[in-house]
Amino acid sequence: MKMALVLAEQGRGWTSPNPMVGAVIVKDNNVVGKGFHQAAGGPHAEIHALKEAGDKARGATLYVTLEPCNHKGRTPPCTQAILKSGIKRVVAGMKDPNPRVTGGGLAFLKSQGLDVSVGVCEDACRRLNEIFIKYVTTSLPFVILKCATTLDGRIATRTGDSKWITNPLSRQFVHELRHTVDAIMVGIGTVVKDNPRLTTRLEGRRGSDPLRIVLDTHLSISPDARLLHLGSDSDTLIVTGRSAPAEKKRILEKPGVRFLALDDDRGQIDLTALVSELGRMGITSLLIEGGSRINGSALRAHIVDKIYMFYAPKIYGGDDGVPVCAGPGVNLMKESLSLKDISVHRFADDVMIEGYLKHQE
């Protein structure tokens with residue numbers, strides 16, 4: 001199963017909205033077939049493993065990180081291929097959490113006489129597909145907040161300069177993160193100050209660009225902003241208030257640029273309504289790379305599932321820089337948001353804290 005988990009990781013960034021899945025076929029203590037789900041719409045992991053195993057699959061055991069599908073989607077049911085191959089035992093890491101799936105794959109295989117078990121390395125299998133699990137069970141995207149700060153909690157100087165707080169290794173990890181999500185979001189302030197591209201740039205290999213989302217209540221973005229002029233396969237979505245000027249929208253309209261109008265409260269977009277709308281659009285995951293206003297708003301709205309907080313070995317040394325979060329905080333320390341399942345990572349001298357918001361329980 002651990003081998004299957006490693007295989008599944010190879011599909012990260014390419015399978016959305018499908019889960020990442022790895023499969024290993026073992027016969028007489030020898031691995032005779034391996035596979036992983038490579039892209040949405042393509043063959044599932046089990047099919048790749050069965051093809052590699054060929055006739056050796058007869059009488060073998062299939063280890064798969066997720067319950068085999070028993071329904072026809074863009075591809076035929078994997079359960080039928082498993083039966084046809086002569087596999088005698090199936091070990092799944094976890095059951096399929098999708099409530100819309102009719103007919104359990106494991107139950108069907110068991111009814112056909114196969115030896116079936118589930119729950120091997122289940123925690124790792126669930127962590128692998130935390131995005132998929134949240135989306136199929138709530139119809140809401142899995143939301144990640146990423147932030148880079150000095151040790152004394154500043155994400156930019158008083159002039160707005162933030163290049164660069166973290167080192168190149170940390171920044172490369174962020175590009176890996178962009179590759180894994182469906183959408184990335186910033187505020188208009190970040191666009192004005194940094195003029196970012198918000199694309200994925202990986203060393204030595206191709207990456208997947210996420211949908212770029214800009215929160216711009218009054219539609220003040222410059223027509224010359226770089227993220228409006230990219231040779232990218234993904235679009236830029238500008239989220240505005242309902243009173244945004246129609247004339248400015250006509251100026252900005254072009255292939256690859258889309259608009260979404262939502263209600264706003266005193267100039268700030270309703271983030272709860274936004275993530276609901278993104279879910280309806282089929283966006284399964286969202287990475288927030290905004291400034292202090294968006295960070296604070298997202299946390300107060302309780303839309304964040306996971307945090308990556310980078311700490312660079314630097315001290316700003318003043319109280320006039322840009323803080324991690326802006327806006328009203330809590331009255332008492334005991335009311336602060338807490339994280340669970342914490343892990344700590346090093347990127348040379350940078351330290352990254354990874355954790356999940358407890359309020360999501």
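Biologist: How many disulfides does the count come to?

Modeller: The count comes to zero disulfides. Please bear in mind that this is a predicted model.

Biologist: What about C78, and where is the nearest cysteine sulfur?

Modeller: C78 takes part in no disulfide, and the nearest cysteine sulfur, that of C69, lies 3.7 Å away. A disulfide requires the two sulfur atoms to be within 2.5 Å.

Biologist: Is C78 buried or exposed?

Modeller: C78 counts as buried, because its relative accessibility is 1%.

Biologist: And why is C125 without a bond to C121?

Modeller: C121 holds the cysteine sulfur closest to that of C125, but the separation is 6.2 Å, which is too far for a bond. C125 is also buried, with a relative accessible area of 1%.

Biologist: Let us turn to helix packing. At what angle do α2 and α3 pack?

Modeller: Helix α2, residues 45–53, packs against helix α3, residues 78–85, at an angle of about 20 degrees. Their axes are 9 Å apart. Angles under 35 degrees count as roughly parallel, and α2 and α3 are therefore roughly parallel to each other.

Biologist: What is the handedness of the crossing?

Modeller: The crossing in which α2 passes α3 is left-handed.

Biologist: Which residues meet there?

Modeller: From α2, the residues are E46, I47 and L50; from α3, they are C78, A81, I82 and S85. By class, this contact comprises five nonpolar residues, one polar residue and one charged residue. C78, the cysteine discussed above, is thus part of the contact with α2.

Biologist: Changing topic: where are the cis peptide bonds at P17 and W164?

Modeller: One cis bond joins S16 and P17, with omega about 10 degrees. P17 is placed in the loop between α1 (2–9) and β1 (22–27). Another cis bond runs from K163 to W164, with omega near -15 degrees. W164 lies in the loop between β7 (154–156) and α7 (168–180).

Biologist: What does T166 touch?

Modeller: T166 is likewise found in the loop between β7 and α7. Setting aside residues up to four places away in sequence, T166 touches A148, R171, F310, A312 and D350. At 11% relative accessibility, T166 counts as buried.

Biologist: D350 is of interest. How far is its C-alpha atom from that of L7?

Modeller: The C-alpha atoms of L7 and D350 are separated by 29 Å, and the two residues are 343 residues apart along the chain.

Biologist: Where is L7, and what is it in contact with?

Modeller: L7 sits in helix α1. Apart from neighbours within four places in sequence, L7 has contacts with G22, A23, V24, K34, G35 and F36. L7 is buried, with a relative accessible area of 11%.

Biologist: Now to α6. How many of its residues are buried?

Modeller: Seven of the nine residues of α6 are buried, so this helix is largely enclosed by the rest of the structure. The buried residues are E130, I131, F132, I133, K134, Y135 and V136. The list includes the charged residues E130 and K134.

Biologist: What follows α6?

Modeller: S139 follows α6, and its phi is positive, near 65 degrees. S139 is not a glycine. This residue belongs to the loop between α6 (130–138) and β6 (142–149). S139 counts as partly exposed, at 37% relative accessibility.

Biologist: And A348: where is it, and what is its phi?

Modeller: A348, which is not a glycine either, has a positive phi of about 55 degrees. Its place is in the loop between β17 (339–347) and β18 (350–357). A348 is partly exposed, with a relative accessible area of 42%.

Biologist: Last topic. Is α11 mostly covered or mostly uncovered?

Modeller: Helix α11, residues 292–300, is mostly covered, as seven of its nine residues are buried. These are S292, I294, N295, G296, S297, A298 and L299.

Biologist: Which residue follows α11, and what is its phi?

Modeller: H302 follows α11, and the phi of H302 is positive, near 60 degrees.

Definitions and conventions
Residues numbered from 1 in each chain as written. Predicted model: local features only at pLDDT ≥ 70, side-chain atom pairs only at ≥ 80, totals over all residues. Heavy atoms only, no water. Axes fitted to C-alpha atoms, helices over the stretch in contact; angles between N-to-C directions. Helix = DSSP H or I, 4+ residues; strand = E, 2+ residues; numbered from the N terminus. Parallel < 35°, antiparallel > 145°, perpendicular 65-115°, else oblique. Left-handed = near helix turned anticlockwise from the far one by under 90°. Contact = heavy atoms within 4.5 Å. Buried < 20%, exposed > 50% of the residue type's maximum accessible area, 1.4 Å probe, protein only.
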